[in-house]
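Here is a short tour for anyone who would like to get their bearings before going back to the bench. Have the structure open as you read, and follow along at your own pace.

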Amino acid sequence: MSGVTLSKRLQAIYSLIEEDCNTVADIGTDHGKLICALLLENRCRKAIACDISKGSLDKAIRLANKLGFREKFEARLGNGLKVLNHNEVDIILLCGMGGMNIISILEESKDIAFGSDSIIIQPMRNTKDVRCFLLNNGFLIQDEELVYEDGRYYNIIKTKQGLPEKADYDYADIGKALINKRHPLLKDYLVFCLNKAKAIEKRLKNTSGCRANELKQEIAVMEGVLNDMYN
């Protein structure tokens with residue numbers, strides 16, 4: 001993309017955004033690369049960059065001005081979705097922040113979230129908590145992507161208001177959509193998560209309680225998926 005270089009993580013987020021949408025809001029925009037790329041490729045007609053940090057927002061403004069997007073680009077300083085109006089945007093991006101922060105943002109402004117067509121979420125941690133929150137709070141998980149970059153995995157979740165046919169809490173660690181689409185990175189990701197869970201289980205070997213029981217269940221689910229899909 002001329003003028004903007006996207007990382008593999010940002011490219012995967014970009015791929016989940018519908019073509020020819022009207023308005024995209026990027027919450028926690030930082031440098032503004034993703035929404036500027038969307039404007040460059042005419043994937044959206046208007047972009048709203050939002051950040052709690054004036055320094056980050058200024059970086060996004062400078063990039064947008066450099067690329068000539070004065071009419072299509074708007075910057076708003078503020079926290080979460082509170083800077084948006086109801087039914088103002090088609091796509092909301094909540095990417096590159098902690099999962100518990102994402103949950104807090106959605107809880108505080110659920111009416112704004114439900115007024116969009118889709119929300120794309122990329123938590124840096126606590127992905128299971130995010131999936132469980134979505135399933136418990138009237139969100140339908142439409143699709144997921146998985147990226148491996150710079151030594152770590154990134155889960156990307158596309159969601160909207162709606163009720164799933166079945167809430168698969170057993171797969172909240174993995175992502176049922178990744179299983180259904182047989183994502184090419186899924187096997188390696190499962191092995192990575194399984195080894196991590198077993199290492200934690202080993203440290204908790206002589207303890208009891210909710211976390212130890214949760215780990216046993218998580219390990220059983222991951223082993224079951226690996227056996228069913230790859231053996």
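## The sheet

Seven strands form an open sheet with mixed pairing, and their order is β3-β2-β1-β4-β5-β7-β6. At the edges sit β3 (73–77) and β6 (139–149), each of which pairs on one side only. From one strand to the next, the twist averages 15 degrees. Please keep in mind that this is a predicted model.

Two helices are worth finding next. Helix α3, residues 54–66, packs on the sheet and touches β2 (44–51) and β3. The direction of α3 makes about 170 degrees with that of β3. Helix α6, residues 127–136, also packs on the sheet, where it touches β5 (118–123), β6 and β7 (152–161). The direction of α6 makes about 10 degrees with that of β7.

## Strand β4 and its partners

Now look at β4, which spans residues 91–97. Strand β1 (residues 21–27) pairs with β4 in the parallel sense, over four bridges. To find this pairing on screen, start from Ala25, whose bridge partner in β4 is Ile92. Strand β5 pairs with β4 too, again in the parallel sense, over six bridges. Here a handy landmark is Met97, whose bridge partner in β5 is Pro123.

Is β4 mostly covered or mostly open? It is mostly covered, with six of its seven residues buried. As a general reminder, side chains in a regular strand alternate between the two faces of the sheet.

## The cysteines

How many disulfides does a search of the whole structure find? The count is zero. Take Cys44: its closest cysteine sulfur belongs to Cys21 and lies 5.0 Å away, so the two are too far apart for a bond. A disulfide would need the two sulfur atoms within 2.5 Å. Cys44 counts as buried because its relative accessibility is 4%.

Cys193 is in no disulfide either, and the nearest cysteine sulfur, in Cys132, is 14 Å away. With a relative accessibility of 17%, Cys193 counts as buried, since the cut-off for that label is under 20%.

## Leu178 in helix α7

Helix α7 covers residues 176–180, and Leu178 is found in it. The relative accessible area of Leu178 is 0%, so this residue is buried. Which residues does Leu178 touch, leaving aside those up to four places away in sequence? They are Arg131, Glu144, Glu145, Leu146, Asn155, His183 and Leu186.

For a sense of distance, compare the position of Leu178 with that of Gly55. Their C-alpha atoms are separated by 36 Å, and the two residues are 123 residues apart along the chain.

## Helix α9

Helix α9 runs over residues 210–230, which makes 21 residues. From its first C-alpha to its last, α9 reaches 30 Å, close to the 30 Å expected at 1.5 Å a residue.

The buried residues of α9 are Ala212, Leu215, Glu218, Ile219, Val221, Met222, Val225, Leu226 and Met229. What covers these buried residues includes α6, α7 and α8 (186–203). Two of these covering helices have already appeared above: α6, which packs on the sheet, and α7, where Leu178 is found.

Methods:
Residues are numbered from 1 along each chain as its sequence is written. This is a predicted model: local features need pLDDT of at least 70, side-chain atom pairs count only at pLDDT 80 or more; totals for chains, interfaces and linings use all residues. Side-chain values use heavy atoms; hydrogens and water are left out. Two strands pair if DSSP finds at least two bridges between them. Axes are lines fitted to C-alpha atoms, for helices over the stretch in contact, and angles run from 0 to 180 degrees between N-to-C directions. Contact means heavy atoms within 4.5 Å. Buried means under 20% relative accessible area, exposed over 50%, partly exposed in between (1.4 Å probe, protein chains only). The expected span of a helix is 1.5 Å times one less than its number of residues.
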